Amino acid sequence: MSADMFRLDGRSVLVTGAGSGIGQRLAAGLADQGAAVSIVDLPTQSDGVATTVAGIEELGGRAVSIPADVTDPESVEDAVARHEAEFGGIDLAVNCAGVNHGGAAEDLDPAQWRRVIDVNLNGVFYCCQSQGRRMLAAGRGSIVNIASMSATIVNRGLWQAHYNSSKAGVKHLTSTLAMEWARRGVRVNSLSPGYIMTPMISGPEWADKVAGFRDQTPMERLGTPDDLVGPTVFLLSDAAAYVTGTDLLVEGGFTSW
Ligand code: NAP
């Protein structure tokens with residue numbers, strides 16, 4: 001066993017949602033491990049995307065920005081094709097784009113339900129399908145889908161039936177794809193963060209809840225995007241060569257109480 005098993009030199013990785021929060025930090029962390037990175041996000045996130053690309057290039061890494069909407073299968077296919085053209089193939093992927101906004105189930109507007117399912121679950125499927133086709137043809141690849149501990153538990157005091165259901169879908173979609181592709185060289189795992197300080201939970205509507213999140217977490221702190229880099233590198237790398245279909249919880253012990 002050597003630390004080199006965690007290196008990603010010579011591989012290319014496509015990261016969605018990489019203009020902000022967790023995806024942005026993961027993209028930089030994967031570049032630190034030697035991967036060439038596509039920064040995929042909505043055109044509205046162009047500032048965040050430019051910051052991610054510049055940060056990677058400053059450290060001598062290679063990154064390209066590819067605007068795309070994960071809810072549109074054609075846009076996803078174009079993005080993956082651009083990645084392939086840029087880097088000569090696709091070795092790795094992190095599907096991180098996601099949205100959340102709360103609402104009691106009995107009042108949830110169907111359009112709100114559809115939007116969250118569309119980005120968080122349908123988007124992950126479109127990405128995996130487009131990435132997976134190419135990886136299967138090459139006979140190798142590794143995908144990490146960012147789910148959430150909300151796939152496993154119901155967050156106390158948060159009314160988000162759409163979000164929890166979308167993430168449970170991502171977790172089960174991940175193990176399903178892993179089983180379909182296990183004998184063909186493609187590994188698929190999910191990573192499920194607990195509460196992580198990012199723009200997703202930094203708005204004023206979250207302010208009074210964040211202290212409660214800390215108190216409910218056994219490690220008595222919220223996570224940061226930095227906390228997710230090592231686990232993601234592990235799942236993508238050769239160190240996890242015999243790991244597929246798993247859901248890795250990174251939540252400061254939250255789900256063990
Ligand atoms: P974030 O800072 O809001 O980042 C999410 C990114 O995804 C944003 O840049 C967002 O753009 C982008 N996005 C949204 N819809 C998209 C679409 N249709 N196509 C392409 N990109 C799209 O949130 P985050 O906290 O880093 O969340 C990243 C992932 O981690 C999400 O899947 C989230 O569910 C998951 N997660 C987060 C936490 C947490 O506590 N923060 C916990 C568990 C799981 P816009 O901002 O323009 O919408």
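Helices (H or I, at least four residues) and strands (E, at least two) are DSSP runs, numbered here from the N terminus. The structure is a predicted model: local features need pLDDT of at least 70, side-chain atom pairs count only at pLDDT 80 or more, and totals for chains, interfaces and linings use all residues. Residues are numbered from 1 along each chain as its sequence is written, and side-chain values use heavy atoms, with hydrogens and water left out.

Empty space was searched for with a probe. Rolling a probe the size of a water molecule over the atoms shows where empty space is left. The search used a 1 Å grid over the protein atoms alone. A cavity is a set of points where a 1.4 Å probe fits but cannot get out. A pocket is an open set with protein on both sides within 12 Å along at least five of seven lines. Lining residues have an atom within 4 Å of a point. Grid points are joined across faces, edges and corners, and a volume is the space filled by probe spheres set on the points.

The largest pocket has a volume of about 820 Å³. It is lined by 40 residues, and C96, A97, G98, V99 and M200 are the closest to its centre. At least two lining residues come from each of α1 (21-32), β2 (36-41), α4 (110-138) and α5 (161-181). Helix α1 gives the most, with three. By class, this lining has 21 nonpolar, 15 polar and four charged residues. Here Ala, Val, Leu, Ile, Met, Phe, Trp, Tyr, Cys and Pro count as nonpolar, Asp, Glu, Lys and Arg as charged, and the others, Gly among them, as polar.

The ligand sits in the largest pocket (more than half of its atoms lie within 2 Å of the pocket's grid points). It is surrounded by 30 residues (each with a heavy atom within 4 Å). S20, I22, D41, Y163 and T198 are the closest. The shell divides into 17 nonpolar, ten polar and three charged residues. Both α1 and α5 supply at least two residues each to this shell.

Three side chains make polar contacts with the ligand (pairs of N or O atoms within 3.5 Å). A polar side-chain atom of D69 lies 2.8 Å from a ligand nitrogen. For Y163, a polar side-chain atom is 2.6 Å from a ligand oxygen. In T198, an N or O atom of the side chain is 2.5 Å from an oxygen atom of the ligand. Alone, the ligand exposes 880 Å², and the protein buries 90% of that (accessible areas by the Shrake-Rupley method with a 1.4 Å probe).

The whole structure holds two cavities of 30 Å³ or more. The largest contains about 40 Å³ of space. Its lining consists of L14, T16, V40, A68, V70, V76, A79, V80, C127 and Q131. Two or more of these residues come from each of β1 (12-16), α3 (73-87) and α4. Helix α3 gives the most, with three. Eight lining residues are nonpolar, two are polar and none is charged.

The second largest cavity has a volume of about 30 Å³. T16, V70, N95, C96, A97, V119, G123, V124 and C127 line it. Helix α4 gives the most to this lining, with four residues. Six of the lining residues are nonpolar, three are polar and none is charged.

Methods:
Polar contact = N/O pair within 3.5 Å; in protein donor to acceptor, adjacent residues only side chain to side chain.
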